[in-house]
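Biologist: I would like a close look at one part of this model. Please start from one pocket and follow the elements around it.

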Amino acid sequence: MTISQTTIHSHKLSSAPREAILGKPSGSVSVATRSSSAEPPASGPVDTVSLSAQAQFRMSGATRMAVTADSLAQAAAAAETVPGLNADAELFTPEALAAHADWREKHNEYRGKVRSLVDQTFGLSADGNSWAAGGAALTAIKNLAEKNGLIEPDMPPAAAKMLQTTGESMWTDKSGVSTGMFDVTFLPKGTEKGGNLRILFDGARKPDADTSLVDLKTGGLKAQAALSSIRASALGAALDSVGGWTPGSAANAYAITNGTDRRGGVVGMVIANGVEDEARERSATILKTLQSLIP
């Protein structure tokens, strides 16, 4: 996916109206994670699990936590100064603190393995790319992880009680969410400026073996028809949710259609900033891989 304090990957995992990203932590505990230090694209919704301010405070500690007299004294002091903590001070037991520290270590390892698996599956690299996933794309990544034996560790009850959360999965229930978003950032290297590829798709529209791209900036009849089809479908709502696009936008965009004659219907859309070659060469393959992971 990408718990809020939210992290996403460029590789980010997270959950809420739900979009996620996998990569390194930013302001929340992400349900997805990042493979590099570069920040993910600024636009577009991010799927997160929202925690209370108190819970975010509690989760801001180090991955490993030694439960000592000093640490318990610090927790007691915080309970007197941080609004809302005093009533729950009794939840900060040595057992709960130790269980949370152990879970965080296991969960960080799990997220790292998911990031590596996604990189391998989509031909990405930790030093060259970051990525983010939301909606049906997050479901696809969860299915990919489970097919490869990666199972998310459950939060121990004592830790969940301490954090006042149900300890729910970072993947969250995606039933009924048919549209998906998969962002790939190409990190700058040497003289290369880098760029971003954003793929939007409707899980109900499956790509065929033969797909082709329609350049939506050309303004021709095929481009107009493809863009009208996008706006009239679930893809249109997905596009609006990430800021929209018009032929006058700075970014290039392509409709991914079934059939080499481009008459088989639109199955997805890709928006490219500075990586048009990547869009033409890889977007349809990425979409097919994501769709193959969704029942």
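Biologist: What is the volume of the second largest pocket?

Modeller: Its volume is about 200 Å³. Bear in mind that the model is predicted.

Start with the wall. The lining of the second largest pocket is made by S125, G128, N129, F186, L187, K189, E192, G194, G274, V275, E278 and R282. By class, that is three nonpolar, five polar and four charged residues. F186, L187 and V275 are the nonpolar ones. K189, E192, E278 and R282 are the charged ones.

Two of these charged residues pair with each other. E278 and R282 form a salt bridge, with N and O 3.3 Å apart. Both sit in helix α8, which spans residues 276-292. Why can they face each other along the helix? They are four residues apart, so about one helical turn separates them. As a general point, side chains of opposite charge can pair when their charged atoms come close. E278 is partly exposed, at 23% relative accessibility. That value is above the 20% cut-off for buried, so E278 does not count as buried.

Now follow the chain past the helix. I294 lies in the segment after α8. Its relative accessibility is 17%, so I294 counts as buried. I294 has a partner far away in sequence: A140 is 154 residues off, yet their C-alpha atoms are 5.5 Å apart.

Go back to the strand that precedes α8 in residue number. Strand β9 covers residues 266-273, and α8 begins at 276. The pocket-lining residues G274 and V275 have numbers between those two elements. β9 is mostly covered, with seven of its eight residues buried.

β9 has neighbours on two counts. Strand β6 (residues 195-202) runs antiparallel to β9 and is joined to it by six bridges. Strand β8 (residues 252-258) also pairs with β9, in the antiparallel sense and over six bridges. One β9 residue shows both pairings. I271 is the bridge partner of R198, and I271 is also the bridge partner of A253.

R198 deserves a second look. Besides its bridge to I271 in β9, R198 meets D183 through its side chain, in a salt bridge of 2.7 Å from N to O. This pair links distant parts of the chain: D183 is in strand β5 (residues 179-186), R198 is in strand β6, and they are 15 residues apart. Buried or exposed, where do the two partners fall? D183 is buried, with a relative accessible area of 2%. R198 is buried too, at 4%. The β5 strand leads back to the pocket, as its range of 179-186 takes in the lining residue F186.

For contrast, take another salt bridge. The whole structure has five of them. Among them is the pair K113 and E109, with the closest N and O atoms 3.5 Å apart. K113 and E109 both belong to helix α3 (residues 94-122) and are four residues apart, about one turn of the helix. Here the setting is partly exposed: K113 has a relative accessible area of 42%, and E109 is at 47%. D183, by comparison, is buried.

Next, cross from β9 to β8 and onward. β8 pairs with β9, and β8 also pairs with β7 over five bridges, again in the antiparallel sense. Strand β7 covers residues 211-215. Four of its five residues are buried, so β7 is largely enclosed by the rest of the structure. In this pairing, T211 has N258 as its bridge partner in β8.

N258 itself belongs to β8. It counts as buried, at 5% relative accessibility. Its side chain has a further contact: a polar atom of N258 lies 2.6 Å from the backbone nitrogen of D208.

One last spot concerns the approach to β5. Q164 is in the loop between α5 (157-162) and β5. Its phi is near 55°, a positive value in a residue other than glycine. Q164 is partly exposed, with 45% relative accessibility.

To tie it together: E278 and R282 line the second largest pocket and form a salt bridge. β9 pairs with β6 and with β8. R198 in β6 is in a salt bridge with D183 in β5.

Notes: Residues are numbered from 1 along each chain as its sequence is written. This is a predicted model: local features need pLDDT of at least 70, side-chain atom pairs count only at pLDDT 80 or more; totals for chains, interfaces and linings use all residues. Side-chain values use heavy atoms; hydrogens and water are left out. On a 1 Å grid over the protein atoms alone, a cavity is a set of points where a 1.4 Å probe fits but cannot get out, and a pocket is an open set with protein on both sides within 12 Å along at least five of seven lines; lining residues have an atom within 4 Å of a point. Grid points are joined across faces, edges and corners, and a volume is the space filled by probe spheres set on the points. Buried means under 20% relative accessible area, exposed over 50%, partly exposed in between (1.4 Å probe, protein chains only). Two strands pair if DSSP finds at least two bridges between them. A salt bridge is a side-chain nitrogen of Lys or Arg within 4 Å of a carboxyl oxygen of Asp or Glu. A polar contact is a pair of N or O atoms within 3.5 Å; within protein, one must be able to donate a hydrogen and the other to accept it, and residues adjacent in sequence count only if both atoms are side-chain atoms.
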